[in-house]
Amino acid sequence: MGFGSTAKKLQKVTEMADKLYERFEKLREQVQDLTGTVEDTNGRVAELEAELAEQRALVEALAEQQGVDVESVVSEVDVDPEPAVESSEGNDGRADGND
């Protein structure tokens, strides 16, 4: 094996390493963006939960003032404990995306 062949192989490896590094950097940026989005979303959810708790307390106080039994009203409501969440699966409907 000559030096020319070895140099070509090393050049290919170097190019592959550069491409892999670029992909890694893009992925790292995406993960950072996603982390920020998740943190923002968690903050908003916490704020909404606090606001909802305040509103519930106000509604319960008003209901008691009007003589409404809050527990019986709540027990009559058909509430799904887990709300529907949109799927984030791939285009083919499978979570792994493999054939």
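1. Let's start with V68, a residue worth finding in the model: it counts as partly exposed, because its relative accessibility is 39%. Keep in mind as you look around that this is a predicted model.

2. Where does V68 sit? Follow the chain to the loop between α1 (3-65) and α2 (70-76), and you will find V68 there. V68 also joins V73 and V77 in making a nonpolar surface patch of about 220 Å².

3. Now for the charged residues. How many salt bridges does the structure hold? There are 2. As a reminder, side chains of opposite charge can pair when their charged atoms come close.

4. One salt bridge links E25 with R28, and their closest N and O atoms are 2.6 Å apart. Both residues belong to helix α1, where they are 3 residues apart, about one turn of the helix. Is E25 buried or exposed? E25 is buried, because its relative accessible area is 18%, and the cut-off for buried is under 20%. Its partner R28 has a relative accessible area of 33%, so R28 is partly exposed.

5. Another salt bridge pairs E60 with R56, with the closest N and O atoms 2.8 Å apart. Helix α1 holds both E60 and R56, and they lie 4 residues apart, again about one turn of the helix. E60 counts as partly exposed, since its relative accessibility is 23%. R56 is partly exposed too, with a relative accessible area of 43%.

Conventions
Residues numbered from 1 in each chain as written. Predicted model: local features only at pLDDT ≥ 70, side-chain atom pairs only at ≥ 80, totals over all residues. Heavy atoms only, no water. Patch = residues over 30% accessible without salt bridge, like charges linked within 9 Å, V, L, I, M, F, W, Y side chains within 5 Å. Areas by Shrake-Rupley, 256 points an atom, 1.4 Å probe, with all protein chains shown as cover. Salt bridge = Lys/Arg side-chain N within 4 Å of Asp/Glu carboxyl O. Helix = DSSP H or I, 4+ residues; strand = E, 2+ residues; numbered from the N terminus. Buried < 20%, exposed > 50% of the residue type's maximum accessible area, 1.4 Å probe, protein only.
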